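Here is a friendly walk through one protein fold, from its sheet to its helices. Have the structure open and rotate it as you read.

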Amino acid sequence: MDIKDQVVLNKIPEHIAVIMDGNGRWARKHGKPRVFGHKNGVQSVREITEAAAEIGVRYLTLYAFSTENWSRPKLEVNALMGLLVETIHKEVDTLNRNNIRLKAIGEFEKLPPKTCEALKEGMEETRDNTHMDLILALNYSSRWEISNAVQNIVSDVIGDKINAEDISESLISNYLATHFMPDPELLIRTSGEKRLSNFLLWQSAYTEFYFTEKMWPEFRKEDFYSAVHEFQNRERRFGKTSDQIV
Ligand code: IPE
Ligand code: IPE
Ligand code: MG
């Protein structure tokens with residue numbers, strides 16, 4: 001049976017997060033510069049967005065550029081920023097056709113002006129779509145996000161908007177960049193690396209992790225469905241015993 005047909009449609013995770021990794025290594029394997037890997041990674045973004053929308057995922061968050069990625073060679077950073085502009089411009093029509101809303105998390109105001117503009121335009125032009133949210137984590141890091149939340153919480157306490165006693169897990173969640181969506185049930189990382197790299201630290205407290213050796217540019221729909229299928233066969237206990245779950 002086709003792997004897609006094995007996916008149980010009434011048990012689809014509402015939110016899937018992806019650390020798209022391995023573009024550089026994939027390019028090197030093909031004797032090409034790293035940027036070639038990023039360019040080919042765009043096709044995987046297209047496929048996985050489509051795959052997620054097809055099975056009814058509500059939120060798909062893609063880690064596209066971390067705060068730490070600024071440390072890469074300037075040439076590569078510039079290429080990534082240019083590729084983002086190009087991709088957003090090219091894909092907006094498809095997003096609209098598929099009723100997908102583009103969103104971003106991260107300090108995207110600090111991206112190069114052209115990238116920030118393209119992103120804002122893309123979000124504006126797709127803002128009324130309701131089938132799925134495609135969230136790009138751009139200039140994102142979880143520690144930045146948490147520090148930022150703490151600053152805003154303190155400022156609201158000082159400004160008498162909230163009381164210190166009101167600070168709870170759900171209040172903190174509401175101050176994070178991800179406030180508009182639930183925590184991811186499933187997080188996928190490609191390329192064989194097994195770490196979070198400063199991604200969704202708070203939100204992944206009970207997330208299921210799926211690691212694959214596939215490099216991002218070779219990650220296809222069936223790989224995505226395999227991840228969802230494995231997720232559906234895991235037992236999520238949330239601290240309880242197995243007996244309590246059934
Ligand atoms: C992921 O692939 C893309 C970004 C981080 C922007 P990499 O560029 O990290 O590829 P590797 O890990 O060096 O192979
Ligand atoms: C994480 O990948 C960031 C993105 C996928 C955007 P990296 O390739 O930058 O992660 P590390 O630094 O190797 O952990
Ligand atoms: Mg990497």
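In what order do the six strands of the open sheet stand? The model you are looking at is predicted, and in it the order runs β3-β4-β2-β1-β5-β6, with parallel pairing. Strands β3 (100-105) and β6 are at the edges, and each has a single partner strand, so one side of each has no neighbour in the sheet. On average, neighbouring strands of this sheet are turned by 20° against each other, direction ignored.

**Following the sheet to β6**

Start at strand β1, which covers residues 15-19 and pairs with β5 in the parallel sense over four bridges. If you want a residue to click on, Ile 16 has Leu 186 in β5 as its bridge partner. Strand β5 (residues 186-189) in turn pairs with β6 in the parallel sense, again over four bridges. Here Arg 189 stands opposite Phe 211 in β6.

Strand β6 (residues 208-211) is worth a slow look, since its side chains alternate. Glu 208 and Tyr 210 point to one face and are buried, whereas Phe 209 and Phe 211 point to the other face and are not buried.

**A residue in β2**

Now move to strand β2 (residues 59-66), where you will find Phe 65. Is Phe 65 buried or exposed? With a relative accessible area of 1%, Phe 65 is buried, because buried means under 20%. Leaving aside neighbours within four places in sequence, Phe 65 is in contact with Trp 70, Val 77, Leu 80, Met 81, Ala 137, Leu 138, Asn 139 and Tyr 140. The C-alpha atoms of Phe 65 and Leu 136 are separated by 8.5 Å, while the two residues are 71 apart along the chain.

**Two packings of helix α3**

Two packed helices are described by the angle between their axes and the distance between the axes. The table gives these values for α3 with two other helices.

| Helix pair | Angle between axes | Distance between axes | Crossing |
|---|---|---|---|
| α3 and α4 | about 30° | 10 Å | right-handed |
| α3 and α8 | about 45° | 9 Å | right-handed |

Take α3 (residues 34-55) and α4 (residues 74-97) to begin with: they pack at an angle of about 30°. That angle makes α3 roughly parallel to α4, because angles under 35 degrees count as roughly parallel. On the α3 side, Arg 34, Val 35, His 38, Lys 39, Val 42 and Arg 46 meet Glu 76, Ala 79, Leu 80, Leu 83, Thr 87 and Glu 91 of α4. By class, the residues of this contact divide into five nonpolar, two polar and five charged.

With α8, helix α3 packs at an angle of about 45°, which makes α3 oblique to α8. The contact is made by Glu 47, Ile 48, Glu 50, Ala 51, Ala 52, Glu 54 and Ile 55 of α3, together with Lys 221, Phe 224, Tyr 225 and Val 228 of α8. The contact of α3 with α8 has seven nonpolar, no polar and four charged residues.

One of the α8 residues in this contact is Lys 221, in the helix that covers residues 221-232. Which residues does Lys 221 touch, not counting those up to four places away in sequence? They are Glu 47, Ile 48, Glu 50, Ala 51 and Glu 54. Lys 221 is buried, with a relative accessible area of 17%.

Technical notes:
Residues numbered from 1 in each chain as written. Chains lettered and ligands numbered in written order. Predicted model: local features only at pLDDT ≥ 70, side-chain atom pairs only at ≥ 80, totals over all residues. Heavy atoms only, no water. Axes fitted to C-alpha atoms, helices over the stretch in contact; angles between N-to-C directions. Helix = DSSP H or I, 4+ residues; strand = E, 2+ residues; numbered from the N terminus. Parallel < 35°, antiparallel > 145°, perpendicular 65-115°, else oblique. Left-handed = near helix turned anticlockwise from the far one by under 90°. Contact = heavy atoms within 4.5 Å. Nonpolar A, V, L, I, M, F, W, Y, C, P; charged D, E, K, R; others polar. Buried < 20%, exposed > 50% of the residue type's maximum accessible area, 1.4 Å probe, protein only. Pairing = 2+ DSSP bridges.
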